[in-house]
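Hi everyone, thanks for having me. Today I'd like to walk you through one protein, going from charged pairs to surface patches. Have a look at it on the screen while I talk.

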Amino acid sequence: MNLNFPQLDEPITLENMTTVVVEDVQVFANLVRELYGFDDANDVRLYDDQFKSLKAADMLVITDILGFDVNSRPVLKLVYQDLETQLNEKPEVKSMIDKLTATISELIGYELLDHELDLEQDEITVQELFKALGIQIETLSDTIFEKIFEILQIFKYLSKKKLLVFINAASFLTSDELAAIREFSELQGLTLLFLERYKVPDMPQYILDSDYFLYTENMV
């Protein structure tokens with residue numbers, strides 16, 4: 001993945017965990033705004049090595065780590081799809097669930113016939129059954145670092161998402177925590193962008209200074 005915007009002379013390559021520091025507050029603010037409302041018409045360009053542009057649906061931007069709902073509807077929809085695929089690989093279990101669901105639907109159907117109103121029912125799907133059972137992701141995070149790892153675990157299952165962007169997240173993390181996130185992203189093949197206002201100690205990073213000169217620190 002490559003990142004480009006007007007203040008850069010050449011694009012920045014995003015791979016695994018990439019930290020980009022933008023010292024000019026106005027440029028930083030514009031970048032955050034355009035990433036958050038990303039579309040094909042803005043000044044920020046994200047594209048792969050075949051110059052295929054990233055779409056808004058391919059990216060997840062997080063400005064509020066603690067406020068991010070890991071059990072949001074889009075996330076749970078993908079989890080349910082994954083669960084349904086898992087069930088389809090176990091025909092005996094899937095068949096048993098279908099039979100029990102049909103039995104429940106039949107019993108409820110009899111009750112509908114006895115009601116004073118003309119009621120009807122729709123066939124319940126497996127994913128609707130998951131929702132009715134209240135299946136969701138267990139959240140155990142007590143720190144910002146743990147919450148970020150929960151988000152990373154979810155991001156692995158968001159098959160349509162190709163880029164995860166954190167805004168000003170490094171400010172809340174120690175060097176060891178950042179190193180752990182970097183190692184995890186490399187092992188899992190994730191593409192993360194940490195967009196920061198200030199330099200991050202001991203971390204590889206691109207720095208765009210106030211004169212729009214891009215340089216690197218701690219890069220191998």
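Okay, first stop: Glu196. This residue sits in strand β7, which covers residues 192-196. And before I go further, please keep in mind that what you see is a predicted model.

So, what is odd about Glu196? Glu196 is buried and yet has no salt bridge. Its nearest side chain of opposite charge is Arg197, and that one is 9.3 Å away. A salt bridge needs a side-chain nitrogen of Lys or Arg within 4 Å of a carboxyl oxygen of Asp or Glu. What does the side chain of Glu196 have beside it, then? One of its polar atoms lies 3.0 Å from the backbone nitrogen of Ala170.

Now for some charges that do pair up. Side chains of opposite charge can pair when their charged atoms come close. How many salt bridges does the structure hold? There are 4, and I'll show you some of them.

Let's go to helix α3, residues 91-113. Here Asp98 makes a salt bridge with Lys94, and their closest N and O atoms are 3.3 Å apart. How are these two placed along the helix? Asp98 and Lys94 are 4 residues apart in helix α3, so about one helical turn separates them. The two partners differ in how much they are covered, by the way. Asp98 counts as partly exposed because its relative accessibility is 35%, while Lys94, at 17%, counts as buried. The cut-off for buried is under 20%, so that is where Lys94 falls.

Helix α6, residues 175-188, has a pair with a similar story: Glu186 and Arg182 are 4 residues apart there, which means about one helical turn lies between them. Glu186 forms a salt bridge with Arg182, and the closest N and O atoms are 3.7 Å apart. Glu186 is partly exposed at 43% relative accessibility, and Arg182 is also partly exposed, at 24%.

Then there's a pair of another kind. Glu217 forms a salt bridge with Lys199, with the closest N and O atoms 3.4 Å apart. This one links distant parts of the chain: Glu217 is in strand β9, residues 214-217, and Lys199 is in the loop between β7 and β8, 18 residues apart. Are they buried or exposed? Glu217 is partly exposed, with a relative accessible area of 26%, and Lys199 comes out as partly exposed too, at 41%.

Let me go back to helix α3 for a moment, where you'll also find Thr101. Thr101 counts as buried because its relative accessibility is 15%. Which backbone atom does its side chain meet? A polar atom of the Thr101 side chain lies 2.7 Å from the backbone oxygen of Ile97.

Right, on to the outside, and to groups of residues rather than pairs. Which residues make the patch of positive charge? Arg73, Lys77, Lys131 and Lys160 gather there on the surface. If you want to find Lys160, look in the loop between α5 (144-157) and β6 (163-167). Lys160 is exposed, with a relative accessible area of 62%.

There's a negative patch on the surface as well, formed by Glu120, Asp122, Glu123 and Glu128. Glu128 is in helix α4, residues 126-132, and is partly exposed, with a relative accessible area of 41%.

And not every patch is about charge. Leu107, Tyr110 and Leu113 make a nonpolar surface patch of about 370 Å². Leu113 belongs to helix α3. Is Leu113 buried or exposed? Its relative accessibility is 70%, so Leu113 counts as exposed.

Last thing, a note on the backbone. Asn16 has a positive phi of about 55 degrees although it isn't a glycine. You'll find Asn16 in the loop between β2 (12-13) and β3 (17-22), and at 24% relative accessibility Asn16 counts as partly exposed. Asn168 also has a positive phi of about 55 degrees without being a glycine. Asn168 is in the loop between β6 and α6, and is partly exposed at 25% relative accessibility.

If you take one puzzle home, make it Glu196, which is buried but has no salt bridge. That's it from me, thanks for listening!

How values were computed:
Residues are numbered from 1 along each chain as its sequence is written. This is a predicted model: local features need pLDDT of at least 70, side-chain atom pairs count only at pLDDT 80 or more; totals for chains, interfaces and linings use all residues. Side-chain values use heavy atoms; hydrogens and water are left out. Patches are made of residues with over 30% relative accessible area and no salt bridge: like charges are joined within 9 Å, nonpolar side chains (Val, Leu, Ile, Met, Phe, Trp, Tyr) within 5 Å. Accessible areas come from the Shrake-Rupley method with a 1.4 Å probe; for residues, only the protein chains shown count as cover. Lys and Arg count as positive and Asp and Glu as negative; His and the chain ends are not counted. The place of a charge is taken as NZ of Lys, CZ of Arg, CG of Asp or CD of Glu. Buried means under 20% relative accessible area, exposed over 50%, partly exposed in between (1.4 Å probe, protein chains only). A polar contact is a pair of N or O atoms within 3.5 Å; within protein, one must be able to donate a hydrogen and the other to accept it, and residues adjacent in sequence count only if both atoms are side-chain atoms.
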